[in-house]
Amino acid sequence: MSISLPGEGSPIRAVLREAPWTLGALALLVGAGVGLGSIAFRRLIEMFTRLFSGHADYAAAGGAANGHLSWFGPYFVLLAPVVGGLLYGPLVDRYAKEARGHGVPEVMLAVAQRGGRIDPRVSVVKALASALCIGSGGSVGREGPIVQIGSALGSTVGQLARTTEHRMRLLVACGAAGGIAAIFNAPLAGVFFAMELILRDFTVEAFGAVVLSGVTAGLIGRAAFGNTAFLTLAPLHVDHIAQFPLFALLGITAGAVGVGFTRVLYLVEDVCDWAWRGPEWLRPAAGGLLLGALLLVLPEMYGVGHSVLEKAVGGGYLPAFLLLLLVGKILATSLTIGIGGSGGVFAPSLFIGAMLGSAYGDVAHRLLPGTAGSTGAYALVGMGAVFAGASRAPITAAVILFELTGEYTIILPLMLAVVLATLTGRLLSRDTIYTLKLRRRGIDITTPPPRFGGRSVAAVMENAPDPLPASTELTEAAERLNLPGRGVPLPVVGSSGRFLGVVDASQVARALAEETGDGLEPPPTVGQIAAPTASVTADMPLSAAVPVLVSARGTPVPVLDPGRHRLVGWLTPHAALRALGVPASA
């Protein structure tokens with residue numbers, strides 16, 4: 001599907017691609033689309049939350065029985081994440097694996113190294129998967145999904161309009177800004193989130209486009225959800241200058257907590273990867289049993305937990321329970337992501353910061369009753385500081401907290417704590433909660449990709465080896481893989497020619513060694529053991545494909561058609577080196 005325009009070299013097409021008003025019109029279109037999408041996304045979350053728990057916000061219900069299954073008592077939470085996982089696990093695994101996890105790193109990668117290209121299916125799959133995950137108890141946020149949903153929509157609009165790669169990136173950022181603006185009623189926060197975290201650059205053109213999209217989406221969001229702040233609070237004041245050292249210490253502590261949250265998140269993900277040996281589509285359901293057990297002990301971890309956060313900021317919990325909620329949220333969010341759930345980490349970082357700040361403020365007030373001031377101010381500052389420590393985005397953290405709460409009176413201590421949290425995070429960790437996910441895959445978006453003169457993968461790819469039909473028996477595959485010079489995997493295709501994955505000699509050998517057939521069952525085939533692998537498309541810019549090739553650590557990468565269905569070639573390290581003009585070694 002594409003917009004019908006004159007040929008690539010026509011003057012009319014060039015004008016339409018480069019005219020400033022074209023970018024503005026596309027930004028408005030993206031903002032409107034994301035605004036409407038955010039309404040649908042929030043409604044989906046509300047619908048699935050009521051369906052699975054029988055409550056509008058189960059975290060606020062304090063372990064009550066399910067409204068639909070009262071006879072089951074609070075024990076329904078043991079099964080809710082399992083049922084949810086059975087629904088969204090196959091959906092993500094089959095249609096858009098990029099929808100797994102918290103989403104923002106994939107958008108950052110698309111902007112930095114893939115020319116802003118995102119599979120259009122991500123919007124729909126991410127919305128359904130995240131709504132199912134959050135509604136069935138997943139302890140994650142809405143911002144990661146809406147950023148990925150909006151960014152995918154922006155990329156789709158850019159691809160349909162066949163705009164330039166530079167403008168495609170801007171439209172992706174427009175989608176991210178619109179998503180934050182609409183879902184949180186925070187247009188300024190959306191703009192700075194997109195500029196500081198997605199584009200990582202500030203230009204007049206980019207700022208103008210992102211503002212247009214954010215304002216449009218924000219207006220649509222306000223029309224649907226009302227012009228209300230994220231948190232409804234009593235007036236807060238910081239009256240004593242002696243409080244600033246307390247806020248400074250909170251900022252340093254929150255920065256360390258933000259880094260700790262990042263470390264635990266990926267540690268739990270590694271443990272889940274090590275422990276799980278079944279099919280990926282079943283992983284969320286199997287892990288849902290562990291999540292359900294945690295929710296049974298701490299029902300406040302169910303879903304986003306907005307009501308619990310608001311109660312904590314208002315001083316509704318004792319310090320010991322606040323710290324329990326802090327640890328519980330870190331574990332619940334990490335487990336939700338680790339088992340293959342879909343949702344954001346921004347809202348959990350705010351939750352963690354609120355618990356830390358509330359506990360800190362309560363203790364400070366007990367020790368220095370005449371100086372410390374209100375507990376709520378420390379809670380709000382803690383929210384921004386933990387997010388800054390985890391994301392290394394101080395401007396976004398300060399603007400988001402100001403806009404989500406409407407409390408200008410705490411802007412000075414907030415800025416102080418956010419900067420100190422950012423510096424602490426930088427001292428303790430090279431990466432942020434977003435970039436660490438990419439670096440673990442061998443991708444460094446801070447390093448510019450090599451330039452290949454605008455060539456596509458199709459221009460340099462090599463012929464793929466003859467694929468193995470999925471029905472090929474393992475013994476036959478072993479013979480093929482044992483041929484002289486055959487040190488690389490072989491592609492596997494289905495009966496319709498659809499690419500299924502690859503197999504290598506070690507996989508086949510392991511499967512043959514584990515075979516315990518009694519002669520009654522049909523012999524195993526390569527279709528049963530074919531492993532999904534990273535792939536590129538023939539129309540992808542070579543500069544965007546090289547990071548995928550690097551992450552494959554020397555093995556060739558399958559090249560698929562634009563629809564990602566059929567195998568059309570093979571991208572090898574030698575081909576990329578030739579494109580750079582590096583002569584092959586003798």
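**Exercise 1.** Find which residue of β3 Val492 stands opposite, and place the pair in its sheet.

*Solution.* Begin with the pair itself: Val492 stands opposite Gly501 in β3. Next take the strands, which are DSSP runs of E with at least two residues, just as helices are DSSP runs of H or I with at least four residues, both numbered from the N terminus. Strand β2 (residues 490–493) pairs with β3 in the antiparallel sense over 4 bridges, where pairing requires that DSSP finds at least two bridges between two strands. Finally, widen the view to the open sheet of 3 strands, whose order is β1-β2-β3 and whose pairing is mixed; its edge strands, each pairing on one side only, are β1 (468–469) and β3 (499–503).

This is a predicted model, in which local features need pLDDT of at least 70 and side-chain atom pairs count only at pLDDT 80 or more, while totals for chains, interfaces and linings use all residues. Residues are numbered from 1 along each chain as its sequence is written, and side-chain values use heavy atoms, with hydrogens and water left out.

**Exercise 2.** Determine at what angle helices α7 and α9 pack, and which residues meet.

*Solution.* Start from the axes, which are lines fitted to C-alpha atoms over the stretch in contact, with angles running from 0 to 180 degrees between N-to-C directions. Helix α7 (residues 165–184) and helix α9 (residues 204–225) pack at an angle of about 30°, their axes being 7 Å apart. That makes α7 roughly parallel to α9, since angles under 35 degrees count as roughly parallel. Then turn to the residues in contact, meaning that heavy atoms lie within 4.5 Å: those of α7 include His166, Arg167 and Leu170, and those of α9 include Glu205, Val210 and Phe225.

**Exercise 3.** Decide whether Leu197 is buried or exposed, and list what Leu197 contacts.

*Solution.* First locate Leu197, whose place is in helix α8 (residues 187–199). Its relative accessible area of 5% makes Leu197 buried, because buried means under 20% relative accessible area, exposed over 50% and partly exposed in between, with a 1.4 Å probe and protein chains only. Leaving aside neighbours within four places in sequence, Leu197 is in contact with Met108, Phe192, Phe387, Ser391, Ala393 and Tyr434. As a last step, note that the C-alpha atoms of Leu197 and Thr396 are separated by 8.4 Å, although these residues are 199 residues apart along the chain.

**Exercise 4.** Describe the surroundings of Gln243.

*Solution.* Gln243 is found in helix α10 (residues 243–275), and at 3% relative accessibility Gln243 counts as buried. Not counting residues up to four places away in sequence, Gln243 touches Val238, Thr371, Ala372, Gly373 and Tyr378.

Technical notes. Angles under 35 degrees count as roughly parallel, over 145 as roughly antiparallel, 65 to 115 as roughly perpendicular and the rest as oblique.
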